[in-house]
Amino acid sequence: VQLQASGGGLVQAGGSLRLSCATSGRTVSSFAAGWFRQAPGKDREFVASISWNGDKTYYADSAKGRFTISRDNAKNTVYLQMNSLKPEDTAVYYCAAGIFGPSTVVTDTTGRGYDYWGKGTQVTVSQ
């Protein structure tokens, strides 16, 4: 499975961005997916996850109420809609895929359970 994240960019605080994670290779619909981020000098941080069929989502506290993860398995794409962005959201955002079982709330915040990772996309939020 190959993952490619896109949609990052420079946005002012309070603005919005939608990240996309396009997948190829094996059918992505059998994988749960997650978004992680890493800011300079900081450890990788969990952002959100979604079950393979899209009915279960899980968010980091920092993302709750502002970010929405979704997926379109027909398009083999996972999305992260980010609203009300803050400067502290500045980071490289990575998408990941893994097998966690059907209709499961994926609470793996370490990333160790994910099998596939894409290259990141830079998100920069200015004051």
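Which residue does a disulfide join to C21? Let me begin there, with the reminder that what we are looking at is a predicted model, and that each value I mention has been computed from it. The partner of C21 is C95, and the distance from S to S is 2.1 Å. The count of disulfides in the model comes to 1. If you trace the chain between the two cysteines, you will find that this pair links distant parts of it, since C21 sits in strand 3 and C95 in strand 9, 74 residues apart. The torsion about the S-S bond of C21 and C95 is about 65 degrees, so the disulfide is right-handed. Please also note that C21 and C95 are both buried.

From these buried cysteines I would like to turn to the nonpolar cores. The largest nonpolar core has 28 residues, and among those with the most contacts inside it are W35, V47, F67, I69 and Y93. Several strands, including strand 1 (2-6), strand 3 (17-24), strand 4 (32-38) and strand 11 (121-126), each supply at least two residues of this core. The largest share, 4 residues, comes from strand 9. There is also a second, separate core, which has 7 residues and includes F36, A60, A96 and V106.

Let me stay with F36 for a while, as several features meet at this residue. F36 is found in strand 4. Is F36 buried or exposed? Its relative accessibility is 0%, and because the cut-off for buried is under 20%, F36 counts as buried. The C-alpha atoms of F36 and Y94 are separated by 5.2 Å, although the two residues are 58 residues apart along the chain. Over the face of F36 lies R44, at 5.5 Å from the ring centre.

F36 also takes part in the aromatic pairs, of which the model has 7. In one of them, F36 and W117 form a tilted pair, with 5.0 Å from centre to centre and 55 degrees between the planes. This pair, too, links distant parts of the chain, because F36 belongs to strand 4 and W117 to strand 10 (residues 116-117), 81 residues apart. W117 has 30% relative accessibility, and so it counts as partly exposed, whereas F36 is buried.

Another tilted pair is formed by F46 and Y58, whose rings are 5.7 Å apart from centre to centre, with 35 degrees between the planes. Here F46 lies in strand 5 and Y58 in strand 6 (residues 57-59), with the two residues 12 apart. F46, at 6% relative accessibility, counts as buried, while Y58, at 31%, counts as partly exposed. If we now put these residues together, F36, F46, Y58, F100, Y114 and W117 form one aromatic cluster.

Next, let us follow the strands that carry some of these residues. Strand 4 and strand 5 pair in the antiparallel sense over 5 bridges, and in this pairing A33 stands opposite I50 of strand 5. The two strands form a hairpin with 6 residues between them, and in the turn G41 has a positive phi of about 75 degrees. Strand 5 also pairs with strand 6, again in the antiparallel sense, over 3 bridges, and there A48 stands opposite Y59 in strand 6. This second pairing forms a hairpin as well, with 6 residues between the strands, and G54 in its turn has a positive phi of about 85 degrees. Strand 5 itself is mostly covered, as 5 of its 6 residues are buried.

Finally, I would ask you to look at strand 8. How many of the 6 residues of strand 8 are buried? The number is 5, so strand 8 is largely enclosed by the rest of the structure. Strand 8 pairs with strand 3 in the antiparallel sense over 6 bridges, and A22 has T77 of strand 8 as its bridge partner. Strand 7 and strand 8, which also run antiparallel, are joined by 6 bridges, and here the bridge partner of T68 is Q81 in strand 8. Strand 7 and strand 8 form a hairpin with 4 residues between them, and N76 in the turn has a positive phi of about 55 degrees.

That brings me back to strand 3, which pairs with strand 8 and which also holds C21, the cysteine whose disulfide partner is C95 in strand 9.

Note on methods: Residues are numbered from 1 along each chain as its sequence is written. This is a predicted model: local features need pLDDT of at least 70, side-chain atom pairs count only at pLDDT 80 or more; totals for chains, interfaces and linings use all residues. Side-chain values use heavy atoms; hydrogens and water are left out. A nonpolar core is a set of buried Ala, Val, Leu, Ile, Met, Phe, Trp, Tyr and Cys residues joined through side-chain atoms within 4.5 Å. Buried means under 20% relative accessible area, exposed over 50%, partly exposed in between (1.4 Å probe, protein chains only). A disulfide is a pair of cysteine sulfur atoms within 2.5 Å. Rings of Phe, Tyr and Trp (its six-membered ring) pair if their centres lie within 6.5 Å; planes under 30 degrees apart count as stacked, over 60 as edge-to-face and the rest as tilted. A charge sits over a ring if NZ of Lys or CZ of Arg is within 6 Å of the ring centre and within 35 degrees of the ring normal. Two strands pair if DSSP finds at least two bridges between them.
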